[in-house]
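Visitor: I am new to this structure and should be grateful for a close look at a single part of it. Would you please begin with the cysteines and then go on to the sheet?

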Amino acid sequence: MEQYNVTGMSCAACQVRVEKAVSALEGVTSASVSLLTNSLAVEGTASSQQIIKAVEDAGYGASLRENGQERKSVSARLAAEEDMLKDRETPKLKRRLIASLVFLLVLMYFSMGHMMLGLPLPAFFENNHVAMGIVQMLLCVIVMVINQKFFISGFRSLWHRAPNKDSLIALGSMAGFIYSVVILLLMSRAVVDGDNEAVKRYMNEFYFESSAMILALITVGKMLEAYSKGKTTNALKSLMKLAPKTATVIREGKETEISIDDVSKGDIFVVRPGENIPVDGIVIEGESAVNEAAITGESIPVDKGPGDEVTSATLNQSGFLKCEARRVGEDTTLSQIIQMVSDAAATKAPVARLADTISGYFVPAVIAIAVITFITWILLGKEIGYCLARAITVLVVSCPCALGLATPVAIMVGNGVGAKNGILFKNAEALQETGNVQIAVLDKTGTITSGQPVVTDICPADGVSEEELLKTAYALEQRSEHPLARAIVSFGQQRSLPEGDIENFRALSGNGLTGSIKGRQLYGGNYRFISSHVRVSEEARKQGERLAEEGRTPLYFARDDKLLGIIAVADAIREDSPQAIRELKNMGIHVVMLTGDNEKTAHAIGKQAGVDEVVASVLPDGKEAVIRELQQHGKVAMIGDGINDAPALTRADIGIAIGAGTDVAIDAADVVLMKSSLRDASAAIRLSRATYRNILENLFWALIYNTLLIPAAAGLYTKLGITMNPMLGAAAMSLSSFCVVSNALRLNLLKVHDGSHDKPGRKTVTLNEKGHLLEEKEKEEMTMNKTMKIEGMMCMHCSGTVKKALEAIEGVVSAEVSHETGTAEVVLAHEVDDAVLVKAVEDKDYKVTEII
């Protein structure tokens with residue numbers, strides 16, 4: 001996508017005109033113009049020269065916005081983008097307004113001061129009405145020259161047959177001026193003829209002050225609008241200001257301060273307390289608390305030590321850190337965030353199409369209404385001055401600009417609020433559509449749970465102390481590479497347990513561990529393994545089953561011929577997950593949990609988390625199929641870690657990558673949450689709904705304003721005693737855009753994590769009698785599990801042989817084989833022919849009797 005700066009646009013009609021001109025070019029697949037940032041985003045194969053020429057032929061200016069490859073450095077690109085977002089319009093308009101008001105006040109003194117307020121005039125003007133008219137004309141011309149931009153832009157767009165808001169202002173002001181000049185000429189003739197009555201009558205028909213006042217009031221509105229528009233980009237400008245300018249790296253054993261652009265991947269850099277981390281990296285030495293609020297929105301500092309990742313623009317608060325640079329330049333998290341927020345501002349939300357359609361016809365329609373108004377009142381016998389006043393008022397009161405700003409200002413502010421809270425929307429459509437989600441599908445591991453197994457229960461056997469059980473388990477698991485072992489090792493390290501001098505250690509795949517200390521044999525593993533070596537009481541067996549039903553994995557430990565007890569390990573549910581799921585449900589969203597776990601464990605975790613529905617034993621390929629099936633019931637959001645769940649994130653209507661700043665997450669998802677907090681998912685939906693509601697409010701105001709005031713300007717409400725003069729019309733017009741932008745700025749007050757006002761969305765899903773979306777049969781079809789009945793297995797060695805043979809087949813993820821039950825539970829990544837499974841088993845001299 002290439003971006004261009006566009007100059008000369010003043011309203012939604014200009015925006016539509018530029019879009020049409022560029023979209024008509026061969027090779028352009030899409031063109032989106034932002035009135036807010038005066039930018040044009042183009043996708044396709046058309047050359048930049050063709051695009052610039054098309055914009056210029058439409059009556060506007062254009063220049064290619066330099067991208068990251070064309071610039072020498074990232075800091076230069078950020079500086080240029082920050083410079084581009086700088087509010088230059090407000091100071092210019094302020095100077096224009098001050099100059100206009102100075103001459104307008106003098107004009108008002110001559111035109112109305114002496115008549116309405118009885119203010120004295122110089123003796124020369126007492127009875128010299130022609131001189132009074134000439135002075136008013138000259139003052140009006142000065143104000144018109146000061147505000148010549150309206151006339152240049154307005155008449156140029158008329159010449160190109162694409163009238164815009166400036167055309168309405170220019171026509172209205174110029175019509176009043178020309179009419180007044182004609183009246184001045186008629187007055188001069190009446191003076192020559194000595195017709196004093198005509199002179200006095202003509203004196204009251206000047207519109208010089210109205211023509212000048214229109215321009216001044218419109219400039220007031222323009223200045224307020226420009227000031228407010230500048231505020232909408234504050235979040236993006238704040239992000240750019242966070243970018244560090246220098247880094248302290250170690251070169252030839254010495255600390256050297258260099259430009260951020262000179263940092264290379266692999267460089268070693270140091271960060272002292274109070275300094276910002278310059279690039280993404282990994283800590284190799286030192287410990288500190290790092291404030292990551294700039295990236296994640298989380299104000300509580302995060303402890304960092306060797307092996308931990310650090311992110312550019314975050315603040316080192318306490319200790320000295322030595323880090324290795326991993327992502328530099330445009331690859332840093334901060335650069336990606338800035339790029340994403342900037343790109344989102346350049347895109348257009350679907351709801352904006354309504355405003356674009358209306359804007360394309362609006363200005364010509366208003367000009368036609370003004371002409372019809374003038375002719376109608378003429379036919380009704382009104383004086384030309386009255387008729388002209390009605391027509392001018394119609395021209396200046398109408399406001400296409402409010403329509404053009406209704407959507408982009410809300411999108412810009414919404415994106416900024418999201419960025420400040422670590423919620424990044426990839427484009428404007430994602431920001432709008434996220435709030436329309438009806439079904440939220442949550443990956444279990446890393447989303448609902450932390451993804452790191454922890455010890456949850458310690459259950460020593462009778463006569464065994466907790467410390468004795470832990471020492472034995474710690475000694476055995478220290479040698480194991482299994483993920484569950486790391487949970488026990490970490491727990492033991494926290495308790496400062498001594499390392500056991502274990503001998504003859506063996507890890508038996510799928511079963512357990514054995515080893516010895518001082519001649520005493522140790523065992524650790526699942527119930528089946530332990531029960532084959534020592535006697536396990538009925539009470540201990542039931543205790544293990546109960547833990548398994550609660551979603552935990554019971555690990556049994558024994559010494560010699562005695563059971564020492566059970567240690568339960570589980571991937572613990574994040575503290576905020578139940579709260580986040582409640583918030584999603586309060587929004588009327590049906591929450592489904594997807595997991596590769598077995599049914600029992602999955603339902604136990606689903607119950608603790610509070611989800612509405614669980615689909616278990618599903619692998620990454622199967623998750624995509626589940627999403628596809630759920631999409632038949634409503635709009636689906638997939639919330640996952642953005643790596644394992646990339647296919648499902650892509651398939652879903654809205655993909656939300658949680659706790660991921662990786663390229664995979666950004667590419668696959670529509671929304672990226674920088675924190676590993678599920679509550680940010682509900683916050684993203686809340687922000688989307690608030691933004692969409694704000695857009696609708698803006699569109700309503702813009703439409704109702706024009707619907708009510710254009711008829712009033714035309715004089716349709718005169719029988720009700722309601723009339724509007726051109727100056728009042730100009731004042732109303734100047735405030736309309738300001739009101740729209742100010743309403744959008746209210747989004748900055750939104751508390752995205754406050755769910756106290758949550759309500760169900762406009763549409764909810766229809767559930768079956770069990771309160772589910774999917775039937776059990778549908779779930780079974782998507783799990784891709786097969787059960788094989790096998791004869792001939794006599795011992796654990798047989799089970800291991802069959803397991804190894806099955807897992808060697810491409811497409812088989814795992815196989816749980818039991819010689820006791822004579823079955824093999826096979827989990828598949830994709831469909832594998834039964835004949836292939838049978839051959840693998842029977843080649844090992846076992847017989848397959850059935851595959852279910």
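Guide: The count of disulfides comes to zero, where a disulfide is a pair of cysteine sulfur atoms within 2.5 Å. The model examined here is a predicted one. Two of its cysteines may be described: Cys14 counts as buried because its relative accessibility is 0%, under the 20% limit, and Cys387, with a relative accessible area of 0%, is buried as well.

The sheet may now be considered. This open sheet is built from six strands with antiparallel pairing, in the order β6-β5-β7-β13-β8-β11. The edges are taken by β6, residues 254-259, and β11, residues 309-310; each has a single partner strand, so one side of each has no neighbour in the sheet. In general, the strands of a sheet pair through backbone hydrogen bonds, in either a parallel or an antiparallel sense. Strand β5, which covers residues 246-251, pairs with β6 in the antiparallel sense over six bridges. Within this pairing, Val249 has Thr256 of β6 as its bridge partner.

A further feature lies on the surface. Ile98, Val102, Phe103 and Ile142 make a nonpolar patch of about 320 Å². The greatest contribution to this patch comes from helix α4, residues 89-116, which supplies three residues. Phe103 is found in helix α4 and, at 30% relative accessibility, counts as partly exposed. Buried would require under 20% and exposed over 50%, so a value of 30% belongs to the class in between.

Definitions and conventions. Residues numbered from 1 in each chain as written. Predicted model: local features only at pLDDT ≥ 70, side-chain atom pairs only at ≥ 80, totals over all residues. Heavy atoms only, no water. Pairing = 2+ DSSP bridges. Helix = DSSP H or I, 4+ residues; strand = E, 2+ residues; numbered from the N terminus. Patch = residues over 30% accessible without salt bridge, like charges linked within 9 Å, V, L, I, M, F, W, Y side chains within 5 Å. Areas by Shrake-Rupley, 256 points an atom, 1.4 Å probe, with all protein chains shown as cover. Salt bridge = Lys/Arg side-chain N within 4 Å of Asp/Glu carboxyl O. Buried < 20%, exposed > 50% of the residue type's maximum accessible area, 1.4 Å probe, protein only.
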